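Here's a quick tour for anyone meeting this structure for the first time. Have a look at the model, then read on.

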Amino acid sequence: MATQLDLASRLQQLSALLSEHRQLWVPRPLTDRPAFDRSGLPWERTLPSLAHYLLTLGENEVDRLKHGGCPEAAAPALLHDLVECTQRLSALPRLPRRRQHFSSRVAFGVPLRKWQQVEAFVETVAANVNAARTETWIDWCGGKGHLARALAVQQRAVVVEQQFDLARSAVMLGRRADVDVAAVAGDVRHAPLWLGEQLGACALHACGELGDALLRCAVASDLPLLALAPCCPHRVADERHRPLSQAGQGHDPQLERVALRLVGFAEVAAPRRIRRRRRRETLYRVAFDLLWRETRGEDRYRTLPPVPVAWVREPFADFAGQLAKWQQIDLPRLSASRCARLLERAKQRVDQAEALGVVRALFRRPIEVYLALDRAAFVEQAGMETAVGTFCPAVVTPRNIMLLGHR
Ligand SMILES: C[S@@+](CC[C@H](N)C(=O)[O-])C[C@H]1O[C@@H](n2cnc3c(N)ncnc32)[C@H](O)[C@@H]1O
């Protein structure tokens with residue numbers, strides 16, 4: 001397995017890109033843009049033609065650009081440049097896969113998209129590392145052990161999973177599939193005890209610092225094989241990302257936790273029913289935010305908690321009443337016409353935020369790739385050979401980056 005990227009050089013380029021354009025990806029249009037005055041986000045004042053262009057786009061064009069589409073010829077040169085540069089610096093090779101056969105018993109009970117991820121993960125591991133060097137795979141944060149079962153077709157696998165019920169399901173599903181899966185119900189952060197020389201460790205979508213914990217264990221325990229597909233980078237204790245590698249520390253774009261959240265916003269298109277419900281919830285939350293800003297006389301967003309889905313089915317006045325009561329906020333009684341006005345303004349605000357968000361979305365993948373390369377550099381500086389690339393298409397999961405390491 002050859003190192004496919006010059007990690008230090010790419011980290012330096014990504015860090016420079018992110019630092020230079022900080023004002024474009026840090027402010028969040030929906031929450032940080034003033035509601036009462038027309039000043040807009042700071043970059044709308046410094047780059048008025050870019051902002052104006054985006055605000056005139058229709059919903060479909062906004063959607064297309066947010067999903068990696070190229071801008072039309074009439075778009076400002078700056079937008080063309082940003083798209084080219086963010087795409088070039090976040091491009092990763094597609095890791096090769098070796099086709100494997102799995103019986104339907106192994107895939108039993110796994111939702112289709114999850115199974116596609118598992119299959120791609122195992123086939124990528126098979127093509128890139130010499131799995132024969134490991135007697136047992138650890139499935140790190142393994143849930144019901146879907147990955148472990150697929151690995152156990154060739155070798156033994158042990159799921160480490162915090163939730164007892166999931167760990168138990170992993171064993172039962174393994175038995176049903178007639179493969180050798182064991183499980184430890186416990187916290188992976190105590191795992192150094194379990195790692196050893198005959199073990200390989202895999203993690204499919206281990207959240208935030210749990211993936212980092214795997215890398216630290218791998219480095220500390222001379223683990224021979226490692227495969228990690230990270231997700232949820234914002235699930236970390238620190239308010240700010242601290243690069244793991246020396247190269248990352250030398251080129252640190254100062255990623256705050258809110259910026260890490262941006263990575264998670266890339267979604268596989270949800271069914272229309274779910275999208276409609278999310279849109280309605282967003283409108284309600286934004287209308288509530290407007291009302292609350294007006295009532296306080298303070299043009300600043302205050303975090304609102306997630307609300308029960310049932311509230312979003314109610315008329316807006318009831319939604320606002322319940323949320324205000326829950327948050328112990330004094331709000332005026334809402335007439336039907338005031339509700340209609342708030343919802344109309346909320347719609348305008350959401351549409352504008354979506355359009356301006358095109359620019360912010362361009363930096364989603366560079367941030368994700370920076371994080372992956374920093375991890376790879378950390379493993380590499382400990383003497384492992386590494387490869388980083390995509391293991392499946394983004395339609396199967398947008399969290400499709402895999403880091404492989406071996407020694
Ligand atoms: C996103 S799920 C991924 C599950 C599985 N790898 C998959 O792809 O289906 C993350 C899993 O990590 C488990 N988990 C969270 N914190 C953990 C910890 N500290 N130790 C072990 N497992 C943990 C959760 O219970 C959950 O099952």
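Let's start with the ligand: 18 residues surround it, and the closest are Cys 141, Gly 143, Gln 162, Val 188 and Leu 204. Keep in mind that this is a predicted model. Three elements each give two or more residues to that shell, namely α9 (146–151), β2 (156–161) and β4 (199–207). The largest share, 3 residues, comes from β4. Sort the shell around the ligand by class and you get this:

| Class | Residues in the shell |
|---|---|
| nonpolar | 8 residues |
| polar | 6 residues |
| charged | 4 residues |

Now for the sheet. It's an open one with 7 strands, and reading across you meet them in the order β3-β2-β1-β4-β5-β7-β6, with mixed pairing. At the edges sit β3 (181–185) and β6 (385–390), each of which pairs on one side only. On average, neighbouring strands of this sheet are turned by 15° against each other, ignoring direction.

Who sits beside β4 in the sheet? In the strand order, β4 comes between β1 and β5. Strand β1 (residues 136–140) runs parallel to β4, and 4 bridges join the two. Thr 136, for instance, has Leu 199 of β4 as its bridge partner. A helix joins in here too: α11 (residues 208–220) packs on the sheet and touches β1, β4, β5 (225–231) and β7 (401–406). The direction of α11 makes about 165° with that of β4.

Time to zoom out. The chain has 18 helices and 7 strands. Its domain assignment gives two pieces, and each is made of two stretches of the chain: domain 1 covers 30–72 + 270–361, while domain 2 covers 112–263 + 364–406. The centres of domain 1 and domain 2, taken over C-alpha atoms, are 36 Å apart.

How does the overall spread compare with a compact globule? For 407 residues, such a globule would have a radius of gyration near 22 Å, and the chain has 23 Å, so the two agree. Along the principal axes, the C-alpha atoms fill a box of roughly 70 × 45 × 35 Å.

Definitions and conventions. Residues numbered from 1 in each chain as written. Predicted model: local features only at pLDDT ≥ 70, side-chain atom pairs only at ≥ 80, totals over all residues. Near = placed C-beta within 6 Å. Nonpolar A, V, L, I, M, F, W, Y, C, P; charged D, E, K, R; others polar. Domains from an automatic or database assignment. Pairing = 2+ DSSP bridges. Axes fitted to C-alpha atoms, helices over the stretch in contact; angles between N-to-C directions. Contact = placed C-beta atoms within 7 Å. Rg over C-alpha atoms; globule rule 2.2 N^0.38 Å.
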